[in-house]
Structure formats: structure tokens, C-alpha cells
Amino acid sequence: MKVAPTHLKRYKDVALLFWKHGNSEIANEGDFATTSEFTEAEGKADAEDLAKDLEKLGPTFVKIGQLLSTRSDLISPLYMDALSRLQDDVEPVPYDQIEQIVQDQLGVRISKAFNEFEERPLGAASLGQVHRATLRNGRKVAVKVQRPNIRKEIVTDLESLQEIADFMEERTEFGKRYEVGRVLSEFRTSLMNELDYNKEANQLKELGKNLKSFERLVIPRVVDDYSTGLVLTMDYLPGTKVTSLSGAILADLDGESLADELFRAYLQQILVDGYFHADPHPGNLLLTPDHKIAILDLGMVGRINERLRDQLVHLLAGISHGDGLQTAEAAIRIGESRGESIDRNKFINRIDDLVGQSNSSDLEGLQIGGVVLLVMQACAEVGIRIPAEINLLGKTLMNLDRVGIALSPKFNPSAAIRKNLETLSTARLKDTFSMASIMGILTEMKDMMSTLPRKTNEILDLAANNKLKVKVDMIDEKTLMKGFQKIANRITMGLILAALIIGSSMLARVPTSFEIWGYPGLAIIFFFVAALGAIWLLIDILFKDE
């Protein structure tokens with residue numbers, strides 16, 4: 001492991017974190033439902049303790065904890081719940097520093113760019129803070145400003161964590177099983193994207209374009225001339241958290257239709273557009289005074305390719321209709337094996353049981369997002385690697401479940417999926433058979449048909465001349481030969497050591513004037529050479545052979 005002196009403090013922090021929580025049930029080894037109440041209570045306490053420790057370590061660890069809360073394939077449900085509530089509220093940056101950043105980024109004094117700029121932020125988080133302002137033309141805006149030097153701090157932390165992750169993946173069974181190096185690389189990409197406000201501005205524009213047909217959903221418009229990589233200026237949208245609505249507001253609100261439209265919008269993002277807002281927790285979804293839903297904070301988004309979208313249609317349809325076999329088959333096609341043999345029938349039975357329970361009256365509170373996360377958890381247990389986007393999707397749907405029920409206690413996410421899936425599937429087919437895709441298919445067919453006669457003639461000529469060969473790669477010959485060579489070396493070394501021991505024993509009976517400790521000297525020398533060789537061989541076998 002490469003040790004950087006500048007990272008020693010973080011090495012110490014991570015070592016203490018592992019020492020304190022290393023024996024807990026963080027990793028997803030199974031379901032806490034099978035443990036005793038005492039064990040579950042202990043687990044909840046330790047999960048909350050871990051969340052507090054991560055908050056103390058700073059923004060990088062808070063963000064990693066929040067990202068871990070989306071990974072049902074890596075951590076147990078108790079820890080997912082605790083980490084999802086991680087707070088990154090911090091003391092706001094002094095206004096003079098914010099003013100300097102805005103002026104440096106925009107190239108103009110705040111007093112000239114804005115008619116009004118409130119010194120007190122609306123909210124301050126670990127990566128940035130938001131100030132309300134008014135442009136010269138009277139437009140009300142929210143200005144998101146990145147905290148000074150936060151990028152440098154996060155990059156330094158990620159470098160030290162990457163070194164630790166690479167060491168764990170190379171030297172420990174835990175690191176190999178959970179592929180911690182790859183997971184941290186995924187987290188690094190997500191964090192770097194959140195730090196680039198130009199990307200978030202483009203994401204706001206893309207989402208606004210995709211959802212323009214939804215009249216009751218509002219996406220803040222970006223003010224391009226007042227936005228950079230460290231400053232993002234957008235429309236100010238006043239509103240109330242959907243989980244903080246009073247009874248009077250709910251009584252005057254058509255919550256069920258609003259929840260249905262919100263759910264339909266996210267299903268369109270996931271299944272048709274392949275691009276979705278991945279952080280729809282109550283703080284990012286506000287009810288505006290005119291009873292619309294404002295979608296805020298697009299720092300975290302997910303993208304799903306065409307193939308995954310096809311399988312997601314099958315997965316969600318299977319869950320919503322209680323079809324365990326369809327759900328299991330879709331999950332297998334979505335993931336990929338880690339190289340372990342999968343008991344297909346056992347996995348299908350497990351998924352069938354999960355989906356069946358979710359549709360029973362006993363687990364009425366378990367909604368579609370929770371079932372998706374449980375399916376992903378079951379995949380991880382049998383060695384199926386699930387793309388990170390799918391885990392992110394499960395957490396997104398779970399947040400939507402809560403928001404939908406907050407808007408209308410009678411709202412049923414499974415019913416909403418069943419109702420909208422047919423329409424969205426039709427839209428997907430229409431998108432699949434667009435003119436561009438048809439032209440691509442025709443071009444590929446033309447290329448295939450033009451080369452088919454020539455390739456057919458080549459194959460027939462080879463067969464006629466008895467030159468047709470079929471190459472089959474059964475094993476890695478180089479690895480096999482290397483293994484045979486190691487075995488031969490071990491046997492040879494063993495024979496030499498045995499010969500030295502036998503020879504030294506025979507020499508011990510021959511009288512000589514050269515003695516060591518009262519024994520014939522040459523015999524003792526050969527014996528020590530054989531002993532040292534045996535020790536070296538034993539160490540080599542224990543620490544280098546797999």
C-alpha cells in the first residue's frame with residue numbers, strides 16, 4: 001500500500017472508524033428480521049452511532065454515507081435507514097467570502113449584478129449554500145454558491161480513501177467480495193459531478209425539457225449569464241416540504257391526483273427518458289402556493305441505458321402484479337454474475353416469496369421502492385452484481401413512495417405503476433422505432449447483406465480445402481503452465497531438501513576432526529541449510545500460494 005504522509009490523519013480516522021464499527025452488521029450479510037429484538041435494537045443504536053461519526057469526519061464522509069444509503073447490495077437495511085437521514089447542515093460561510101466567490105466567478109460586483117442579495121443564506125450544506133436574490137430586472141432567484149476550497153478537501157479525502165480501498169481489495173476477503181475499489185470509484189464520480197454546477201445547470205435544463213408536458217410540476221429555470229462551475233443561479237421557487245403540510249392545506253389539495261402525476265413523471269424519466277432525478281426526498285420536493293410540486297437540487301441524477309430500461313419495465317411490472325418469476329428473471333438479466341455459481345431455482349423462490357409478501361395485507365406499508373431494494377439485496381446475496389444506477393433507482397422510488405403517501409394517505413404506488421406502465425411502454429416502443437433507430441437498423445442490415453455472400457464463400461472455400469478450423473478456449477494455458485511449473489519447482493525443492501537431510505544424517509556417522517557443537521561440522525552445515533530451505537518453502541507456500 002502506498003502511504004502518503006499528507007494523508008496520515010485520514011488513515012488514522014478511517015482506522016478508528018473500522019476499529020469501532022468493524023464488528024457490527026454493516027455489510028449486507030442477510031436480513032435483520034431473523035435476529036432477536038435485542039440484536040435489532042443494538043443494530044439500530046450502532047447504525048445511528050455510525051451516522052454521527054461520519055458527520056464528525058466532514059463533508060466527504062457525509063456524502064459517502066448518503067451514497068451508501070442507496071446501496072442495498074452493500075449494507076444492511078438498518079444502516080441504510082440511518083445513513084439516509086445523515087444531515088450535512090453546517091455553519092454557513094461568512095458573507096464576505098461568499099461575496100468574493102460570486103464576484104470572482106461572475107466578473108462583476110454583486111451590487112451591479114443584483115438588485116438585492118440576502119446575506120443570510122436560505123440553507124447551508126457541506127458542499128454549498130443558497131442565497132435568495134433579485135436580479136436587476138426584478139426576477140426572484142436563488143443563488144447556490146460552492147463553499148471555498150471544498151473541492152480540494154474532498155479530492156484529498158478521496159485520494160486517501162482510494163489508497164485504503166485498493167489495499168483492502170487486494171489483501172482482504174471483504175474488499176474482494178464487495179469490490180470496494182470499484183464502489184469508491186463510483187462514489188468519486190458522483191461526488192465530482194455534484195461539485196460541478198455547470199453540470200447541474202445542464203441537468204436542470206434537460207429535466208425541464210423532458211417534463212414540460214406535466215403542468216403541475218415545476219423545474220427552476222437556470223440563469224445562464226449568472227452561472228458558472230461554482231455559482232448556480234436559478235428561479236426562486238417558494239414552497240413547503242410535502243411532509244410538513246398542515247391538515248388544512250391537505251384538505252384543500254387534490255393530493256391523490258398530484259401524487260399520481262408526480263409518480264407518472266418519474267416513471268417517464270426512468271423508463272422512457274432514461275434520465276431521472278435521483279434525490280426526490282421531501283426537502284427537494286416542495287408544494288408551491290399555487291399547489292404545484294417544485295423539483296429542486298439536481299446534483300444527483302441517474303442515467304439508464306436502453307437495455308436496462310427494457311428490463312426495468314419487466315421488473316416493475318412483475319413487482320406491481322405480484323409475479324415473482326417475472327421479477328426474478330428480469331433481475332437476473334439486469335445484473336451480472338461475480339463469477340460465483342448461482343442457484344437459479346433458490347433465487348427465483350426467494351424473489352417469489354418477497355414479491356408475494358409485498359402484495360399481502362401483512363406488509364401493506366412496504367411499497368414499490370422498498371420491494372426493489374429487497375430484490376437488489378437478494379441479488380447481492382447470491383452473487384449477482386447490480387449496476388449502481390439500479391440501486392439508486394430503488395432509493396428514488398422509496399422516497400417517492402413516502403412523498404406520494406404524504407400527499408395522499410390513500411395513494412398506492414403499485415396501483416400507479418400498473419395504471420401507467422401500459423402508456424409508458426407504448427411511449428418506449430414509439431421511441432424505439434423512431435426514424436433514427438429505423439435508419440440505423442436498415443444501415444446495419446445493408447452492411448450485413450452486402451458482406452454475407454463474400455463471407456459465405458470464404459467459409460465454403462475453407463471447408464472444401466479442409467482448412468476450416470474451430471478455436472475453442474477452454475482454459476488459460478499460460479496460467480495452467482505457470483501452475484505446473486510451480487508444482488514442479490516445489491517437488492524439486494522438496495527432493496533437494498530431503499536429500500540434504502538424509503545426507504547430513506549419513507555424514508553425522510563419519511568421524512572427522514571438524515566439529516560443531518560436538519557433531520561433524522559438514523553434517524551440521526548441511527542440516528542447517530536444509531532447515532532454512534524448509535522454512536523458506538513453508539513461508540512461500542503459506543503467503544504466496546492461493
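A salt bridge here is a side-chain nitrogen of Lys or Arg within 4 Å of a carboxyl oxygen of Asp or Glu. Keep that in mind as you move through this predicted model, where the rule gives 16 salt bridges.

**Stop 1: E194 and K63.** Select these two and show their side chains. They form a salt bridge, with the closest N and O atoms 3.6 Å apart. Now colour helix α9 (residues 180-194), which holds E194, and helix α3 (residues 59-68), which holds K63; the pair ties together parts that are 131 residues apart in sequence. Are the partners buried or exposed? E194 counts as buried at 11% relative accessibility, and K63 is buried as well, with a relative accessible area of 11%.

**Stop 2: R139 and D235.** Next, pick out this pair, whose side chains meet in a salt bridge at 2.7 Å, N to O. R139 sits in the loop between β3 (128-135) and β4 (140-146), while D235 belongs to strand β6 (residues 231-235), so that distant parts of the chain, 96 residues apart, are linked. R139 is partly exposed, with a relative accessible area of 23%, whereas D235 counts as buried at 11% relative accessibility.

**Stop 3: E329 and R344.** Move on to helix α14 (residues 324-334) for E329 and helix α15 (residues 344-358) for R344, 15 residues apart. Their side chains meet in a salt bridge of 2.6 Å, N to O. R344 is partly exposed, at 40% relative accessible area. Before leaving the charged pairs, add R221 to your earlier selection: R139, R221 and D235 are joined into one network by salt bridges that share partners.

**Stop 4: the nonpolar cores.** Hide the charged side chains and select F263, I293, I295, L312, L315 and L407. Of the 106 residues in the largest nonpolar core, these touch the most other members. Helix α12 (residues 255-273) supplies the largest share of this core, 10 residues. Which residues does L312 touch, leaving aside those up to four places away in sequence? They are I270, L271, I304, I334, I390 and L393. There is also a second, separate core of 17 residues, which includes I98, I110, V141 and V143.

**Stop 5: a patch on the surface.** Finish by turning on the surface and selecting M481, F484, I487, I491 and L495. Together they form a nonpolar patch with about 540 Å² of accessible area. F484 lies in helix α20 (residues 477-507) and counts as partly exposed, at 46% relative accessibility.

Note on methods: Residues are numbered from 1 along each chain as its sequence is written. This is a predicted model: local features need pLDDT of at least 70, side-chain atom pairs count only at pLDDT 80 or more; totals for chains, interfaces and linings use all residues. Side-chain values use heavy atoms; hydrogens and water are left out. Patches are made of residues with over 30% relative accessible area and no salt bridge: like charges are joined within 9 Å, nonpolar side chains (Val, Leu, Ile, Met, Phe, Trp, Tyr) within 5 Å. Accessible areas come from the Shrake-Rupley method with a 1.4 Å probe; for residues, only the protein chains shown count as cover. Helices (H or I, at least four residues) and strands (E, at least two) are DSSP runs, numbered from the N terminus. Buried means under 20% relative accessible area, exposed over 50%, partly exposed in between (1.4 Å probe, protein chains only). A nonpolar core is a set of buried Ala, Val, Leu, Ile, Met, Phe, Trp, Tyr and Cys residues joined through side-chain atoms within 4.5 Å. Contact means heavy atoms within 4.5 Å.
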